[in-house]
Amino acid sequence: MSNIHPEFHRFLTREDREKRLQQKGAVVWMTGLSGSGKSTIANEAERVLFKAGKMTTILDGDNLRTGLNANLGFSDEDRLENVRRVAEVAKLFASQGIITFVSVISPKREMRDLARDIIGDDYIQVYVEASFEACAERDPKGLYEKARRGEIKNFTGKDSGYEAPEHPDVLLDTENSSVQDNAVTLIEEVRKRIKLEL
């Protein structure tokens, strides 16, 4: 580590970039069980914000596991490293003034605490709430059925626990509210926290 010398932008500051984009960067960290609706809500919220002229991106856990995190499994140690890497990438996006949605299960509180520590004040924690039973009934990727047959090990909610956030910044109930309503709630909360004009 002694031979590493981080390079800092010499002419453009974060404030310069945010002024150009007319928005502040943020990391909207969406946690919840597989199938709870994290990615679906993130996509809907991004669609609305993009239509309003805002710069956004989505860091989806499954997508990142096909590249950046392809060498990681689903043990607690690997999940922690997965979260660390995603948090570092999200932090970089936010520092460029980009509203960054992160859709990862991040099942343990220590994992989400690590993300918050890395990202700092830009971190907005969103709990996408749905019961194991509701997610298993939806099963959009067929994962719950595979887990039931014993084809997936360390499956969150079955043989690997999920610790629900006790005090999330935003709570989205996907069993009793639609995707569109949850996206509206999410956008409004983000808008208030970063003083976003729509």
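The following paragraphs describe salt bridges, aromatic pairs, a charged surface patch and backbone angles in a predicted model.

A search of the whole structure finds 14 salt bridges. In one of them, the side chains of R14 and D122 come together with an N to O distance of 2.9 Å. Because R14 belongs to helix α1 (residues 14-21) and D122 to the loop between α5 and β4, this pair ties together parts of the chain that stand 108 residues apart in sequence. The two partners are covered to differing extents, R14 being partly exposed with a relative accessible area of 25%, whereas D122, at 17% relative accessibility, counts as buried. Another salt bridge joins R109 and E166, whose side chains meet at 3.7 Å, N to O. This pair, too, links distant parts of the chain, with R109 in helix α5 and E166 in the loop between α7 and β5, 57 residues apart. Here R109 counts as partly exposed at 34% relative accessibility, while E166 counts as exposed at 59%.

Within helix α4, by contrast, R84 and E81 lie three residues apart, about one turn of the helix, and they form a salt bridge in which the closest N and O atoms are 2.8 Å apart. Both members of this pair are partly exposed, R84 with a relative accessible area of 34% and E81 at 22% relative accessibility. In addition to these pairs, E145, R148, R149 and E151 are linked in a network of salt bridges.

Aromatic side chains were examined next. A pair of aromatic rings is described by the distance of the centres and the angle of the planes. The structure holds four aromatic pairs, among them that of Y127 and Y162, which is stacked, with 6.1 Å from centre to centre and 25° between the planes. This pair links distant parts of the chain, as Y127 lies in strand β4 (residues 123-129) and Y162 in the loop between α7 (143-148) and β5 (170-173), 35 residues apart. Y127 is buried, with a relative accessible area of 11%, and Y162 is likewise buried, with a value of 18%. The rings of Y144 and F155 have their centres 4.8 Å apart and their planes at 85°, and the pair is therefore edge-to-face. Y144 is located in helix α7 and F155 in the loop between α7 and β5, so that this pair, eleven residues apart, again links distant parts of the chain. Both Y144 and F155 are buried, and together with F132 they form one aromatic cluster.

On the surface, D76, E77, E110, D113 and D117 form a negative patch. The elements that contribute two or more residues to this patch are α4 (76-95) and α5 (109-119), of which α5 gives the most, with three residues. D117, which lies in helix α5, counts as exposed at 63% relative accessibility.

Most residues other than glycine have a negative phi, and most peptide bonds are trans. Against this background, D139 shows a positive phi near 40°; this residue lies in the loop between α6 (132-138) and α7 and is buried, with a relative accessible area of 16%. N154, which is not a glycine either, has a positive phi of about 55°. N154 is found in the loop between α7 and β5, where it counts as partly exposed at 34% relative accessibility.

Key
Residues numbered from 1 in each chain as written. Predicted model: local features only at pLDDT ≥ 70, side-chain atom pairs only at ≥ 80, totals over all residues. Heavy atoms only, no water. Patch = residues over 30% accessible without salt bridge, like charges linked within 9 Å, V, L, I, M, F, W, Y side chains within 5 Å. Areas by Shrake-Rupley, 256 points an atom, 1.4 Å probe, with all protein chains shown as cover. Salt bridge = Lys/Arg side-chain N within 4 Å of Asp/Glu carboxyl O. Lys, Arg positive; Asp, Glu negative; His and termini not counted. Charge placed at Lys NZ, Arg CZ, Asp CG, Glu CD. Helix = DSSP H or I, 4+ residues; strand = E, 2+ residues; numbered from the N terminus. Buried < 20%, exposed > 50% of the residue type's maximum accessible area, 1.4 Å probe, protein only. Phe/Tyr/Trp six-rings, centres within 6.5 Å; stacked < 30°, edge-to-face > 60°.
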